[in-house]
Amino acid sequence: MTLHTLLDYETLRLIWWVLLGVLLIGFAATDGFDMGVGALLPFVAKTDVERRVAINTVGPVWEGNQVWFILGGGAIFAAWPPLYAVSFSGFYLAMFVVLAALILRPVAFKYRSKREDARWRNGWDWALFVGGFVPALIFGVAVGNVLQGVPFRLDEDLRPFYEGSFFGLLNPFALLCGLLSVAMLLMHGGAWLALKADGVVAERGRRYGLWAALATVALFALGGLALALFVDGYRITSAVVTDGPSNPLLKEAAVAPGAWFDNFAARPWLWVAPLLGLAGAAVAALLLRLRADGVAILASGLSIFGVISTVGLAMFPFVLPSSLDPRSSLTVWDSSSSHQTLFIMLVVTIIFLPIVLAYTAWVYRVLWGRVTERDVRAETGHFY
């Protein structure tokens, strides 16, 4: 017996679907507050010192937080090759915009304080704003388009053909999802500033975080209503083979109104996810109002968990539905790597993911504490 047969193919596929969700949630919950702080920077900080306070709340951790983004991309590439091929090629221009915005961020961090010139620093501050706002918006827009179905098809040789356009992605429902993503990360960034900054920066972060949390509740509820009334879902109409070959064309699928709510109807306990999304944001707003900053950041993280989990649970087992040819839609059961590949990757993950988590926890513990204007003015050389 070979080692990879210790876990059956169906279980491994399900495990990697869960792990992909964990990586996406980890990225949103960690690098999310980095992007939120960047997007809030022009509004929570008015002077150079105040902006340096805001920047240095994320300065020690933003590079490590990006590891989750890299891990997520790597997991898609290795565990779900068809998903990687279709999404990264079909959303090529959108991904290019995201990467360009993310590239601005490290450059801005490193170069902002190289000169004392106010125009120089102001320019890099707006680069940090772009590096936070644009990815948050486009990630949400991408999710909105996935929920509606992506215009691609597979030929008989499983070659993907994408027939959409960049501006076609900017439809009303997708933009609503983009605004939800922005509000969610602004809430998280505001809660982070309230926890890690001091003085007026923390106060403004608390205020903007509160309003963003309320916007998250409203936009998430509005998105759910729009999904129920205006956006058709997808369901498999043939026999579901969970341990078969990775060939999406072996199944039949169809577009159906309300199909994205099938899983919630069959398993009512799944409603816990959207309730967490709503309740987490509402509680975060209340806690920010009460100045309970340490718990508010946990509540905003819980909201992020609930929102992303809701999307994954609604779509399961679909990972990328096709609006051109529902049969070409990619699912958990027909778009994964081989049984042996998934097992080897799982072993590697079991070994190294705890190391990543332990190191991340250690970094946060060592670098904990508020950033004050006095610290920044001290010019110790350890601040951006």
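# Working through helices, a pocket and some odd angles

In H6, the buried residues are Ala94, Met95, Val98, Ala101, Leu102, Arg105, Ala108 and Phe109. Keep that list handy for the first exercise. One thing to know before you start: this is a predicted model.

**Exercise 1. Work out how the buried residues of H6 are arranged around the helix, and what covers them.**

Step 1: Get a feel for the helix. H6 covers residues 92–111, 20 residues in total, and its first and last C-alpha atoms are 28 Å apart, close to the 28 Å expected at 1.5 Å a residue.

Step 2: Look down the axis. The buried residues of H6 fall within an arc of 150°, so they line one face of the helix. Here's the background: an α-helix has 3.6 residues a turn, so residues three or four places apart point the same way.

Step 3: Check the other side. There, Tyr92, Phe96 and Ile103 are exposed.

Step 4: Find the cover. The elements over the buried residues of H6 include H1, H2 (48–58), H3 (62–65), H4 (67–79), H5 (81–90) and H7 (118–148).

**Exercise 2. Do the arc exercise again for H5.**

Step 1: List the buried residues, which in H5 are Leu83, Val86, Ser87 and Gly90.

Step 2: Look down the axis. The buried residues of H5 fall within an arc of 90°, so they line one face of that helix.

**Exercise 3. Describe the second largest pocket: its space, its lining and the elements that supply it.**

Step 1: Start with the space, which comes to about 370 Å³.

Step 2: Turn to the lining. The second largest pocket has 16 lining residues, with Ala29, Thr30, Phe33, Thr360 and Tyr364 nearest its centre.

Step 3: Trace the lining back to its elements. Helices H1 (9–44), H8 (172–196), H12 (293–315) and H13 (339–366) each give two or more residues to it.

Step 4: Sort the lining by type, and you get eleven nonpolar residues, five polar and no charged.

**Exercise 4. Decide whether Asp31 and Asp293 are buried or exposed, then find what they touch.**

Step 1: Take Asp31, in helix H1. Its relative accessibility is 1%, and buried means under 20%, so Asp31 counts as buried.

Step 2: Look around Asp31. Leaving aside neighbours within four places in sequence, Asp31 is in contact with Gly26, Trp62, Asn65, Gln66 and Arg105. You've met Arg105 already, in the list of buried residues of H6.

Step 3: Move to Asp293, in helix H12. With a relative accessible area of 5%, Asp293 is buried too.

Step 4: Look around Asp293. Residues up to four places away in sequence aside, Asp293 touches Ala194, Leu195, Arg206, Leu288 and Arg370. Between Asp293 and Ala202 there are 9.7 Å in space, C-alpha to C-alpha, though they are 91 residues apart in sequence.

**Exercise 5. Track down the unusual backbone geometry at Leu158, Arg291 and Pro317.**

Step 1: Recall the usual case. Most residues other than glycine have a negative phi, and most peptide bonds are trans.

Step 2: Check Leu158, where phi is positive, near 65°. Leu158 sits in the loop between S1 (152–154) and S2 (160–162), and at 33% relative accessibility Leu158 is partly exposed.

Step 3: Check Arg291, which has a positive phi of about 65°. Arg291 belongs to the loop between H11 (272–289) and H12, and is partly exposed at 48% relative accessible area.

Step 4: Finish with the peptide bond between Phe316 and Pro317, which is cis with omega about 5°. Pro317 lies in the loop between H12 and S5 (318–320).

Methods
Residues numbered from 1 in each chain as written. Predicted model: local features only at pLDDT ≥ 70, side-chain atom pairs only at ≥ 80, totals over all residues. Heavy atoms only, no water. 1 Å grid on protein atoms, 1.4 Å probe; cavity = no way out; pocket = protein on both sides within 12 Å on 5 of 7 lines; lining within 4 Å. Points joined across faces, edges and corners; volume = space filled by probe spheres on them. Helix = DSSP H or I, 4+ residues; strand = E, 2+ residues; numbered from the N terminus. Nonpolar A, V, L, I, M, F, W, Y, C, P; charged D, E, K, R; others polar. Expected span 1.5 Å × (residues − 1). Buried < 20%, exposed > 50% of the residue type's maximum accessible area, 1.4 Å probe, protein only. Arc of directions from axis to C-beta. Contact = heavy atoms within 4.5 Å.
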